[in-house]
Structure formats: C-alpha cells, structure tokens
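Me: I would like to go through this structure with you, one short question at a time. Please reason briefly, then finish on what I asked for.

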Amino acid sequence: MVDSILQLEQVTKQFAGSIVPAVKEITFSLAQGDILGLLGASGCGKTTLLRLIAGFEALQGGSILLHQREIARPGYSLPPEQRNLGMVFQDYALFPHLTVAKNISFGLGKLAARELQLRVGESIELVGLTGLEHRYPHELSGGQQQRVALARALAPRPELILLDEPLSNLDVQVRLRLRQEIRSILKETGIAAVFVTHDQEEALSLCDRIVVMQAGRLEQIGTPQEVYNYPNSRFVADFVTQGNFLPAQIVGNIVQTEIGDFEIPAEILDHSSDRRASNLAINSDHPANSTINLKNPLALR
Ligand SMILES: Nc1ncnc2c1ncn2[C@@H]1O[C@H](COP(=O)(O)OP(=O)(O)OP(=O)(O)O)[C@@H](O)[C@H]1O
Ligand SMILES: [Mg+2]
C-alpha cells in the first residue's frame with residue numbers, strides 16, 4: 001500500500017521463559033492520517049504490540065515498516081528515538097517537578113527558543129489547556145494531566161502517535177469528552193494513530209479501523225461498521241457486540257432455530273465465510289424488542 005505509514009508483516013514476539021508468543025503473526029497496515037484501534041481483553045498482547053512498534057521490544061519473527069522503510073526485523077531494531085513517534089500512556093507519565101509548558105517542551109530540546117515556544121503554545125492550544133502553562137501536574141485534574149501528555153506527544157509533530165489506554169484512568173464523563181477531542185485533534189493535525197483499548201465502545205466510536213485481538217493473534221480487522229455488523233467469528237461477535245447466540249441450521253437462505261425460521265439477509269450471506277454455520281448471533285441493541293433483534297442477525301457461525 002503506497003500511502004501506508006505503518007506496516008506490520010507477520011509480527012511475532014515471544015518473551016523469554018514463556019511457552020506461548022505474546023504476539024503471533026500479526027499483519028496489518030495503517031494509512032496516513034488514520035486511527036487504528038487495537039481492541040482485545042486484558043493480556044491479549046495489545047501493549048506488547050504497541051511497544052514493538054515503538055521499539056521498546058525486539059521481535060522474533062516478521063518485520064515492521066515505517067514509510068516503507070524496515071525499522072524492525074529479527075536481529076535488528078531501529079532505536080525508539082529515531083522512529084519519530086509520539087506516545088501517550090495510561091498513567092500520563094508526566095514529570096512531577098516540571099510545569100505543563102516544561103513537560104511539553106521536554107522532547108523538543110534541539111529546537112531554537114522561538115520555535116520551541118511556538119510549538120509549546122500550539123500544542124497547549126490544541127488540547128485546550130491555555131492558561132494552565134505554569135501549573136505543575138499535581139495542580140491538575142486527571143483529564144487535564146492526560147491532555148498534557150497528549151500535547152507532549154503532539155509537540156514534535158510526529159506522523160504517528162501510539163496511545164496505550166489513555167482514557168482508562170478517567171471518569172466516564174471526562175473519558176467521553178476526551179474521546180471525541182482526541183479524534184478531532186488527530187483529524188485536524190492529520191496525525192495517524194494506533195489506539196489501544198479494551199473498551200469496545202471506545203474503539204467503535206474513535207477509530208477508523210479496528211484490529212480485534214485474542215491471545216496474541218489478530219481475529220479480525222475492519223471498519224467499526226464491518227466489525228460490528230459482520231463479525232467473522234463467534235469470539236468477535238461476543239467480544240465486540242455482546243451478541244446473543246442461538247443454535248441454528250442453514251437451509252438455503254433460511255436459518256432455522258428453535259424459536260422460528262428467518263430469512264438471511266443477502267449482505268449477511270455475502271459476509272459469511274462458513275455456510276455450514278451452526279449459530280445465529282443476534283443483535284442485542286434492542287433487547288426490549290425481540291422482533292427487531294431477530295430481523296437483524298449479526299453473523300452466522
Ligand atoms: N516483559 C514481559 N515478560 C514476560 N511476559 C510478558 C512481558 N510483558 C508482557 N508479558 C506477557 O505477554 C502477554 C501480553 O501482555 P500485554 O501487556 O501485551 O497485554 P495487554 O493486552 O496490553 O493487556 P492489558 O489490557 O491488561 O494491558 C501477557 O500474557 C503478559 O503476561
Ligand atoms: Mg496493556
């Protein structure tokens with residue numbers, strides 16, 4: 001893909017002493033300016049994959065390309081500081097003894113004073129922290145601290161930013177607001193992002209594409225609509241949509257269940273790889289109206 005900023009080819013990582021790989025044969029590419037979600041349960045390898053992209057871990061199999069340039073393969077890893085990536089962590093990781101402005105300018109050491117001031121000002125404005133430049137982290141709320149971390153990652157104007165569950169320590173209201181703000185900031189600046197989350201709703205509402213992971217493997221990749229409406233496995237249907245399942249038999253374009261027979265919509269058949277499917281996943285968006293549910297089967301499996 002010509003305009004892809006990041007490409008992973010069969011990336012595999014196994015930690016010393018563990019019997020199964022933490023990340024196994026993961027392949028995907030990320031287009032410039034796109035937001036890609038890594039979604040999966042705790043321990044499925046999301047952070048490990050992000051650390052491989054950042055260069056904090058070495059891989060044992062496959063390769064990683066940034067702008068078509070190989071930055072990691074077995075036995076070789078471009079150092080993190082040469083990858084020009086921004087990073088935002090769950091726990092903000094701010095320097096407690098530095099002000100907001102100093103925290104943001106920390107990674108901009110080589111810039112001339114005027115340019116540095118400009119960049120810090122620009123980033124502070126972007127994340128809506130104008131007026132708080134001289135505060136210290138302990139004088140800020142959790143949401144404000146995460147904005148500082150975001151501004152710090154944005155200030156060097158990276159082309160790609162990696163975010164590891166940046167919103168999970170925040171209360172629900174702040175989380176919902178920041179979710180939309182992060183998306184609009186990324187879109188405004190054209191910065192591509194890999195956004196790790198275990199929250200389905202967050203991935204569906206914030207990302208352009210989602211990689212669903214399970215036990216180190218890529219289960220499905222697609223737009224939020226594709227993953228939500230056409231999960232390609234029972235695991236994805238269960239994890240992403242919390243769908244309900246009924247044993248079913250497929251006869252032609254009819255699916256027979258113990259509660260009745262239903263016609264299978266053409267688009268579902270198109271997306272269904274396994275015609276011998278034995279389960280009907282039911283959209284649980286409208287639990288109060290089972291008729292609606294049954295007219296919107298999500299997947300056949
Ligand atoms: N440095 C390490 N040494 C050995 N095993 C590790 C190391 N880091 C992670 N692992 C293991 O690799 C697997 C994936 O961990 P990882 O942190 O990538 O999961 P995660 O999807 O980010 O989980 P969470 O949602 O809880 O943050 C886990 O089984 C974990 O115990
Ligand atoms: Mg993690």
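Me: Which residues are around ligand 1?
Reply: This is a predicted model, so the answer comes from predicted coordinates. A residue belongs to the shell if its C-beta atom lies within 6 Å of the ligand. The residues around ligand 1 are Phe15, Ser18, Ala22, Gly40, Ser42, Gly43, Cys44, Gly45, Lys46, Thr47, Thr48 and His198.

Me: How do the residues of the shell around ligand 1 divide into nonpolar, polar and charged?
Reply: Gly counts as polar here, and Cys counts as nonpolar. With that rule, the shell around ligand 1 has 3 nonpolar, 8 polar and 1 charged.

Me: Which residues of helix α1 are buried?
Reply: Helix α1 spans residues 46–54 and is mostly covered. Buried means 20 or more other C-beta atoms within 10 Å. In α1, 7 of its 9 residues are buried. They are Lys46, Thr47, Thr48, Leu49, Leu50, Leu52 and Ile53.

Me: Which residue with a positive phi follows α1?
Reply: Its phi is near 95°. The residue that follows α1 is glycine 55.

Me: In what order do the 6 strands of the mixed sheet stand?
Reply: The sheet is open, and its edge strands are β7 (85–88) and β11 (217–222). Each of these two pairs on one side only. Neighbouring strands of this sheet are turned by 15° against each other on average, direction ignored. The order is β7-β8-β9-β3-β10-β11.

Me: In which sense do β7 and β8 pair, parallel or antiparallel?
Reply: Strand β8 covers residues 160–164. Glycine 86 stands opposite isoleucine 161 in β8, and valine 88 stands opposite leucine 163. The two strands share 4 bridges, and their sense is parallel.

Me: Over how many bridges do β8 and β9 pair?
Reply: Strand β9 covers residues 192–197, and its pairing with β8 is parallel. Isoleucine 161 stands opposite alanine 193 in β9. The number of bridges between β8 and β9 is 5.

Me: Why is β8 largely enclosed by the rest of the structure?
Reply: Look at both faces of β8. On one side are Leu160, Leu162 and Asp164, and on the other are Ile161 and Leu163, all buried. So β8 is largely enclosed because the buried residues number 5 of the 5.

Me: Why is one side of β2 and of β6 left without a neighbour in the sheet?
Reply: Here 5 strands form an open antiparallel sheet in the order β2-β1-β4-β5-β6. β2 (23–31) and β6 (76–77) stand at its edges. One side of each is free because each has a single partner strand.

Me: In β2, which residue is the bridge partner of leucine 8?
Reply: β1 and β2 run antiparallel and are joined by 6 bridges. The partner of leucine 8 in β2 is phenylalanine 28.

Me: Which residue in β4 stands opposite glutamate 9?
Reply: Strand β1 (residues 4–13) and strand β4 (residues 61–66) pair antiparallel over 5 bridges. Glutamine 7 has leucine 65 as its bridge partner in β4. Opposite glutamate 9 stands serine 63.

Me: Is asparagine 253 buried or exposed?
Reply: Asparagine 253 lies in the loop between β12 (244–251) and β13 (254–257). A residue with 12 or fewer other C-beta atoms within 10 Å counts as exposed. Asparagine 253 has 12, so it is exposed.

Me: Which residues does arginine 175 contact, leaving aside its neighbours within four places in sequence?
Reply: Arginine 175 sits in helix α5 (residues 172–189). With 18 C-beta neighbours inside 10 Å, arginine 175 counts as partly exposed. Its contacts outside that range are Leu167 and Leu170.

Me: Over which residues does pLDDT stay under 50?
Reply: The mean pLDDT of the protein chain is 87, and 88% of its residues reach 70 or more. Where pLDDT is low, the predicted coordinates should not be read in detail. The stretch under 50 is residues 284–301.

Definitions and conventions. Residues are numbered from 1 along each chain as its sequence is written. Chains are lettered from A and ligands numbered from 1 in the order in which they are written. This is a predicted model: local features need pLDDT of at least 70, side-chain atom pairs count only at pLDDT 80 or more; totals for chains, interfaces and linings use all residues. Two strands pair if DSSP finds at least two bridges between them. Axes are lines fitted to C-alpha atoms, for helices over the stretch in contact, and angles run from 0 to 180 degrees between N-to-C directions. pLDDT is the predictor's confidence in each residue, from 0 to 100. Two residues are in contact if their C-beta atoms, placed from the backbone, lie within 7 Å.
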